[in-house]
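Colleague: Please put the model on the screen and take me through its packing.

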Amino acid sequence: PPSEGPLREENRTLRIVLADREAEVALLREELSSTRTRLDSALHQIEQLEYKLNRAFHRLYGRSSEIIDPNQKTLFDGVDEIPMPEANEAATEDDAPKKKRKKAKGHGREPFPDHLPRNEIVVDVDEEQKICNSEQCQGREKIRIGEEITERGDYIPGKLVVNRYVRPKWACECGNDGVVAAEVPPALLEKVKYEISMYAYIANAKFGDHLPLNRLSGMFKRLGHKVATSTMWDMVQRTAELVSPIVDQIKLELLSGHYLQVDETPIQVSVKGQGTKKGYLWVWRRDQKMLFQFTMSRSRAGPLDFLGDWTGLLQKDDYSGYDAVVRRNGILPFGCMAHARRRFKDARVMSRAECDIALRLIGRLYRIESRMKRRARERHLSPDEFLELRRAKRQGRMRKDMGKLENTLIIYITGDNGT
């Protein structure tokens with residue numbers, strides 16, 4: 001029919017308009033999705049900045065202690081699902097009520113220890129004052145009825161002395177039996193100018209008391225003898241060479257075990273002609289053995305070089321410089337409870353209730369550990385006996401507390417309370 005022509009034309013026009021509108025809607029949806037993504041990213045960034053700002057304010061003005069008040073009313077609000085000990089659970093010695101702390105005494109003056117030598121100086125009155133001038137006695141001599149003692153610490157400054165070895169020579173008048181003389185007492189090295197005590201003092205002053213060699217040189221000059229910095233540096237190097245077998249043996253004994261602790265810290269290094277640079281000191285420890293490793297960088301080369309092909313349990317922080325040696329040697333890494341506690345403390349400014357539960361449980365573990373150490377000191381336990389005590393305690397109460405801590409993390413990280 002004649003009327004179909006305009007309708008078809010209008011239909012095509014409407015289809016074109018509809019297609020344009022659909023394209024505009026798709027474009028708007030894409031823009032909305034992009035806007036939502038940017039908004040989510042901005043909100044996440046704001047949250048991170050607020051967290052960092054709160055941490056900065058906490059460092060400046062907050063408490064430095066990580067101890068949480070056990071009587072805090074809001075500590076367990078909304079966390080009834082976390083398993084806690086039953087009310088009728090038998091009390092252990094760790095749950096025993098704490099004794100009321102005695103009132104602290106005044107500081108006063110701490111007495112000098114008994115092992116310090118005493119130089120007794122008698123300060124007496126004049127002879128005239130030892131005569132009684134009363135009318136009854138008429139000049140009778142007084143008797144000693146006691147004494148008053150006052151102790152003052154005295155410092156005897158260090159001094160340099162010269163040991164002058166005089167070796168008499170002996171020979172017979174006949175001239176047939178030669179000349180004899182005693183041998184010079186042994187020194188650290190042949191033909192050295194200083195005694196072993198001088199080498200030991202310089203090494204201890206530099207590495208134990210952190211005194212620069214130029215400052216030591218000034219101290220010796222005030223004692224009346226100038227010791228050049230270059231001379232002392234040579235003495236330090238000689239000492240290091242002589243003790244290197246001991247260092248090698250300590251490293252060998254450290255790496256003979258299956259467990260190590262490690263941490264690193266930056267130190268300032270004075271480089272001649274270049275000022276100061278940053279170096280790093282790595283501390284490797286197991287039981288009572290400890291070894292320091294120095295490097296000029298914090299790169300993975302330090303752990304790789306020290307450990308070689310060692311494998312075992314390595315307690316460390318989350319620094320990525322250890323990852324290479326962990327992967328290469330198949331080492332089992334694990335963290336430190338102090339680092340874990342610090343993370344909860346940092347997050348506490350954003351999520352107080354959840355973090356307080358974890359901090360309280362970790363604090364309980366530390367209290368148990370402190371009691372065990374105190375008991376070991378009181379009973380004079382050997383290191384092996386203390387390890388047995390710790391192992392037995394960890395199989396009991398500490399394992400239970402670790403289970404509660406794990407449940408806390410599961411609930412507040414995944415939101416799954418097991419129901």
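The questions below go from the whole chain to its cores and one helix pair.

Modeller: This is a predicted model, where local features need pLDDT of at least 70, side-chain atom pairs count only at pLDDT 80 or more, and totals for chains, interfaces and linings use all residues. Residues are numbered from 1 along each chain as its sequence is written, and side-chain values use heavy atoms, with hydrogens and water left out.

Colleague: What percentage of the 419 residues count as buried?

Modeller: Buried means under 20% relative accessible area, with a 1.4 Å probe and protein chains only. By that cut-off, the buried part of the protein chain's 419 residues is 21%.

Colleague: Which element gives the largest share of the largest nonpolar core?

Modeller: A nonpolar core is a set of buried Ala, Val, Leu, Ile, Met, Phe, Trp, Tyr and Cys residues joined through side-chain atoms within 4.5 Å. The largest has 16 residues, and Trp 282 and Trp 284 are among those that touch the most other members. Elements giving two or more residues include strand 3 (259-271) and helix 5 (301-307). The largest share, three residues, is from strand 4.

Colleague: How is helix 2 oriented to helix 4?

Modeller: Helices are DSSP runs of H or I, at least four residues, numbered from the N terminus. The axes, lines fitted to C-alpha atoms over the stretch in contact (heavy atoms within 4.5 Å), come within 9 Å and cross at roughly 95 degrees for helix 2 and helix 4. Because 65 to 115 degrees counts as such, helix 2 is to helix 4 roughly perpendicular.

Key:
Buried means under 20% relative accessible area, exposed over 50%, partly exposed in between (1.4 Å probe, protein chains only). Axes are lines fitted to C-alpha atoms, for helices over the stretch in contact, and angles run from 0 to 180 degrees between N-to-C directions. Angles under 35 degrees count as roughly parallel, over 145 as roughly antiparallel, 65 to 115 as roughly perpendicular and the rest as oblique.
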